[in-house]
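Student: I am new to this structure and would like a close look at a single part of it. Could you take me through that part slowly, and connect it to what surrounds it?

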Amino acid sequence: MIIQPTIKMLKKSLLSGILLLSIEFISAQHLKLNEEAPDIHLKTFQGNDFKLSSLKGKVVLLDFWATWCAPCVEEQPFLKAIYTDNEKAVQAGQFEIVGVSLDKSKENWKKIIDRENINWLQISDLQFWKSPVAKTYGIEELPYNLVLDTSGKIIAINIHGEELKTFIANELKKEFD
């Protein structure tokens, strides 16, 4: 007889736990295409204030990465190639890459920036997974990226490789040719 109420209590506790987890998941849902990207306010690697909204008018590749993420580091030379291939658009103020680091060590971050010769904008709060930006953007794995159009709307989510390169080239052509 004592077992029965205990089972009922366990069921209620389990259902309450599932409900709470569901609410947390819903509140941290991923962003969707054609939504405006939430503004980001972080410091650049050099310590300057940065707002994502300051890049409106440009096509932006928002690259979430970290130095402890091997696939992220492996992707940096490919991002460098995209940046170099679109150098005219960068110089004309039409395109920018923003690396959002989820690191916690500025020294490690600097080491990879220097080693990979990363010359595009790098920002972070060095709070690792606890970064409010990671929560706002629903980042659950790295590497992760978004492409934003000139109005700041999300036009691509988590595409990589040749697909990313082609997408950016086509978007720049559509926006500025």
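Tutor: A disulfide is counted here where two cysteine sulfur atoms lie within 2.5 Å of each other, and in general terms it is a covalent bond between the sulfur atoms of two cysteines. What you see is a predicted model, and by this rule the count comes to one disulfide. C69 and C72 form this disulfide, with their sulfur atoms 2.4 Å apart, and because the torsion about the S-S bond of C69 and C72 is about 75°, the disulfide is right-handed. Both of these cysteines, C69 and C72, are buried.

Beside C69 in the sequence is W68, which lies in the loop between strand 3 and helix 2 (70–85). With a relative accessible area of 40%, W68 is partly exposed, and F128, at 27%, is partly exposed as well. W68 and F128 form an aromatic pair that is edge-to-face, measuring 5.4 Å centre to centre with 65° between the planes. This pair links distant parts of the chain, since F128 belongs to the loop between strand 5 and helix 5 (132–136), 60 residues apart from W68.From that loop, we can turn to strand 3 (residues 59–65), which gives six residues, the largest share, to the largest nonpolar core. This core has 50 residues, and L52, F64, F95 and Y137 touch the most other members. F64 counts as buried because its relative accessibility is 0%, and Y144 counts as buried too, at 7% relative accessibility. The rings of F64 and Y144 have their centres 6.2 Å apart and their planes at 55°, so the pair is tilted; F64 is in strand 3 and Y144 in strand 6, 80 residues apart. Together with Y137, these two residues, F64 and Y144, form one aromatic cluster. Leaving aside residues up to four places away in sequence, Y137 touches several residues, including L52, L62, F64 and L146.

Strand 6 (residues 144–148) is itself mostly covered, with five of its five residues buried. Y144, L146 and L148 point one way from strand 6, while N145 and V147 point the other way. Five bridges join strand 3 to strand 6, and the two run antiparallel; within this pairing, V60 has L148 as its bridge partner. Strand 6 is also joined by three bridges to strand 7 (residues 154–157), again in an antiparallel arrangement, and here V147 stands opposite A156. The hairpin of strand 6 and strand 7 has five residues between the strands, and in this hairpin G152 takes a positive phi near 90°.

Strand 3 also includes W65, whose side chain makes a polar contact of 3.0 Å with the side chain of Q122. Q122 lies in strand 5 (residues 121–124), and it counts as buried because its relative accessibility is 3%, below the 20% cut-off. Again leaving aside residues up to four places away in sequence, Q122 touches K43, T44, F45, W65, G99, W109 and I113.

Technical notes. Residues are numbered from 1 along each chain as its sequence is written. This is a predicted model: local features need pLDDT of at least 70, side-chain atom pairs count only at pLDDT 80 or more; totals for chains, interfaces and linings use all residues. Side-chain values use heavy atoms; hydrogens and water are left out. A nonpolar core is a set of buried Ala, Val, Leu, Ile, Met, Phe, Trp, Tyr and Cys residues joined through side-chain atoms within 4.5 Å. Buried means under 20% relative accessible area, exposed over 50%, partly exposed in between (1.4 Å probe, protein chains only). Helices (H or I, at least four residues) and strands (E, at least two) are DSSP runs, numbered from the N terminus. Contact means heavy atoms within 4.5 Å. Two strands pair if DSSP finds at least two bridges between them. A polar contact is a pair of N or O atoms within 3.5 Å; within protein, one must be able to donate a hydrogen and the other to accept it, and residues adjacent in sequence count only if both atoms are side-chain atoms. Rings of Phe, Tyr and Trp (its six-membered ring) pair if their centres lie within 6.5 Å; planes under 30 degrees apart count as stacked, over 60 as edge-to-face and the rest as tilted.
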